[in-house]
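User: Hey, got a minute to go through this model with me? I'll throw short questions at you and jump around a bit.

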2 protein chains.
Amino acid sequence: MFNSIALVGGTHGNETSGIQLIRNWQQFGLPSRFNELNISLNIANEAALNANVRFVEEDLNRQFTFDRLASNNLAKEAVLAKTLNEKFGPKGNSNTDFVIDIHNTTSEMGATLIILEADEFHIQLARFVKQQMPEANILVEDEKPYLEHGYLCTTGKRGVMIEVGGQPQGVLREDVYLLTQTMAEAILDFCVAYNNQEIKTGALPACEAFRLGENVGFPLNRDGARTAMIHHSLQDNDFKPLLPGSPMFRTFDGKDIPWDGEKETYPHFINEAAYFKLDVAFATSERITL
Amino acid sequence: MFNSIALVGGTHGNETSGIQLIRNWQQFGLPSRFNELNISLNIANEAALNANVRFVEEDLNRQFTFDRLASNNLAKEAVLAKTLNEKFGPKGNSNTDFVIDIHNTTSEMGATLIILEADEFHIQLARFVKQQMPEANILVEDEKPYLEHGYLCTTGKRGVMIEVGGQPQGVLREDVYLLTQTMAEAILDFCVAYNNQEIKTGALPACEAFRLGENVGFPLNRDGARTAMIHHSLQDNDFKPLLPGSPMFRTFDGKDIPWDGEKETYPHFINEAAYFKLDVAFATSERITL
């Protein structure tokens with residue numbers, strides 16, 4: 001039973017679609033079919049939003065581990081994280097039943113629901129969203145236990161992320177905005193159905209999902225400078241199969257570097273701007289059935 | 001006759017395609033057919049590049065008016081502009097025959113050559129580039145005299161800009177990179193032909209171009225917040241005709257706002273991220289023949 005749900009935008013200050021959705025629902029109200037839910041609408045990092053940057057000092061969406069929440073880090077986002085943890089959490093003993101944190105990406109990931117556990121609850125949620133929104137992608141990041149993630153949404157008893165793209169930082173695209181709204185409403189529709197005990201085990205059809213693998217870095221020279229870019233045949237093909245031997249990079253002197261995995265992988269976060277400084281080219285995943 | 005040509009990338013520190021093209025030509029050399037030209041390869045704003053931002057304190061590409069170059073402004077980019085003006089200029093009495101400044105945009109402007117004068121020289125240049133690269137767009141910003149612009153390229157006796165999109169800030173796309181390279185080489189091919197007196201008046205066919213009109217702002221409420229986004233039918237349609245009565249914005253309460261001009265216009269810089277703080281939605285232009 002969901003007694004309290006927190007919808008959050010602006011965890012990253014230049015991800016406009018979630019911010020605008022929160023503001024519009026604050027101004028115009030949520031669809032009336034959600035009246036029975038207890039929903040709070042939140043902007044997480046106003047300072048980053050005003051500066052039109054992802055974060056002012058440190059990435060807010062990496063601050064919510066127990067270690068970091070207990071540290072004496074005085075970075076703006078570390079301090080903010082403690083405040084937000086009191087508001088939504090406290091993590092591990094939370095007053096909020098469900099935190100839904102809304103993001104966007106420069107990668108062509110479409111509307112992606114990120115879940116951090118593949119338990120019965122999240123399997124039903126994924127199936128429900130996929131049934132209501134067949135174009136949705138389901139990404140499973142369960143490589144470690146839920147509470148070990150540093151994401152803001154883990155302040156809730158349960159937490160998920162909405163990740164929609166492609167959209168440049170600081171830009172609001174109508175198509176991305178509408179996908180974001182549709183996915184947020186699908187999740188809230190699930191909450192209503194869940195509360196009304198309309199979600200029955202085995203009633204919803206199994207669905208496709210992608211389980212996070214690892215990050216693949218750009219090739220670098222000894223000075224740390226990139227020597228290649230994402231190959232045009234990989235660019236914009238998030239969640240499409242990348243086959244062994246298929247090109248993933250093109251070097252600046254014109255050579256192709258192929259994917260050297262033993263089997264196909266499903267890349268995502270391809271060429272995401274926020275990973276520029278980390279030199280992350282994309283993340284791999286395995287196609288699974290939930 | 002061109003005795004000295006300056007190719008510049010990184011005037012905006014998060015516009016990666018020009019930066020990478022300059023670095024690659026520094027490392028691998030320019031194509032040998034340009035050996036007869038005296039070309040310098042330059043990164044304009046290393047500090048902005050290292051911070052992965054458009055600029056650190058002020059937009060460098062607005063600093064090159066005579067007034068600003070003579071001012072006592074101590075902003076990082078204002079100081080840098082004076083240094084660059086000594087290097088490429090001095091403006092109005094320049095040692096550099098031609099400054100080619102390379103940019104990219106989040107708008108779907110394809111490969112656009114921006115010229116600041118529609119005189120015989122630039123008409124021939126535009127026609128040559130368009131013949132060599134039919135997919136190129138020619139944008140004419142001659143609403144004021146060449147030397148009154150604040151652009152870095154106006155430090156040269158002649159100056160143009162290359163503007164390619166769509167590409168998010170801080171991201172390098174292979175397609176955008178290749179369009180940038182192709183257009184830079186087309187301009188340098190023109191320089192070779194011009195020096196060899198192979199450019200004859202009337203020999204190149206007339207070409208389509210777009211003359212800059214004015215900026216159109218997002219609708220704002222009394223608090224200065226946007227009340228609408230770019231309409232999906234306008235998004236990504238840079239340099240396509242926008243007809244009177246066609247929707248240009250969709251308000252957040254679901255209404256369409258049409259273009260209310262008396263005739264069609266050719267929008268560009270549609271939803272450009274760098275104009276976020278200025279609330280500029282797009283620029284208009286008129287279709288002309290050069």
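User: Where is Glu15(A) found?

Analyst: Glu15(A) is in the loop between E1 and H1 of chain A. Helices (H or I, at least four residues) and strands (E, at least two) are DSSP runs, numbered from the N terminus. One thing up front: this is a predicted model, where local features need pLDDT of at least 70 and side-chain atom pairs count only at pLDDT 80 or more, while totals for chains, interfaces and linings use all residues. Residues are numbered from 1 along each chain as its sequence is written, chains are lettered from A and ligands numbered from 1 in the order in which they are written, and side-chain values use heavy atoms, with hydrogens and water left out.

User: Ok. Is Glu15(A) buried or exposed?

Analyst: Buried, with a relative accessible area of 5%. The cut-offs are under 20% relative accessible area for buried and over 50% for exposed, with partly exposed in between (1.4 Å probe, protein chains only).

User: And what is Glu15(A) in contact with?

Analyst: Arg54(A), His103(A) and Asn104(A), leaving aside neighbours within four places in sequence. Contact means heavy atoms within 4.5 Å.

User: Which residues does UniProt place under "binding site"?

Analyst: The UniProt record, an unreviewed entry, puts that feature at His12(A), Glu15(A) and His103(A). They are spread over 92 residues of sequence but cluster in space, with a largest C-alpha distance of 7.4 Å. UniProt positions are given in the numbering used here, feature names are shortened, and annotations may be inferred rather than shown by experiment.

User: Any domain in the record? What residues does it list?

Analyst: UniProt lists residues 206-286 of chain A as "domain: AstE/AspA barrel-sandwich hybrid", again from an unreviewed entry. In the model that span is 0% helix and 35% strand, and its end C-alpha atoms lie 16 Å apart.

User: Back to H1(A). What does its length look like against the expected span?

Analyst: It agrees: helix H1 of chain A has 13 residues (16-28), which should span 18 Å at 1.5 Å a residue, and its end C-alpha atoms are 18 Å apart. The expected span is 1.5 Å times one less than the number of residues. Just after H1(A), Gly29(A) takes a positive phi of about 90°.

User: What do the buried residues of H1(A) pack against?

Analyst: In chain A, they pack against strands E1 (5-9), E2 (39-43) and E3 (98-105), plus helices H2 (46-51) and H6 (174-195). The buried ones include Ile19(A), Leu21(A), Ile22(A) and Trp25(A).

User: How many residues of H6(A) are buried?

Analyst: 16 of its 22, so to speak mostly covered. H6(A) reaches 31 Å from its first C-alpha to its last, close to the 32 Å expected at 1.5 Å a residue. Gln197(A) follows H6(A) with a positive phi, near 55°.

User: Now the chain B copy of that helix. What does Thr180(B) touch?

Analyst: Thr180(B) sits in helix H6 (residues 174-195) of chain B and touches Ser17(B), Leu21(B), Ile102(B) and Val164(B), not counting residues up to four places away in sequence. At 0% relative accessibility, Thr180(B) counts as buried.

User: What turn lays chain B on chain A?

Analyst: A turn of 180° with a shift of 0.0 Å along the axis, giving an RMSD of 0.0 Å. The two copies are thus related as by a two-fold rotation axis. In chain B, the C-alpha nearest the axis is that of Pro168(B), 2.4 Å from it. The same surface serves both copies, as 100% of the contact residues of chain B recur in chain A. The superposition is by least squares on the C-alpha atoms of residues with pLDDT of at least 70 in both.

User: Switching to rings. How many aromatic pairs over all chains?

Analyst: 28. Rings of Phe, Tyr and Trp (its six-membered ring) pair if their centres lie within 6.5 Å; planes under 30 degrees apart count as stacked, over 60 as edge-to-face and the rest as tilted. Take Phe210(B) and Tyr266(B): their ring centres are 5.3 Å apart and the planes are at 45°, so the pair is tilted. Both residues, Phe210(B) and Tyr266(B), are buried.

User: Which residues form a cluster through ring pairs?

Analyst: Phe2(A), Phe98(A), Phe121(A), Phe128(A), Phe190(A) and Tyr194(A).

User: Cool. And which ring does the charged end of Arg158(B) sit over?

Analyst: The ring of Phe121(B), 3.9 Å from its centre. The charged end of Lys91(B) sits over the ring of Phe66(B), 5.4 Å from its centre. The criterion is NZ of Lys or CZ of Arg within 6 Å of the ring centre and within 35 degrees of the ring normal.
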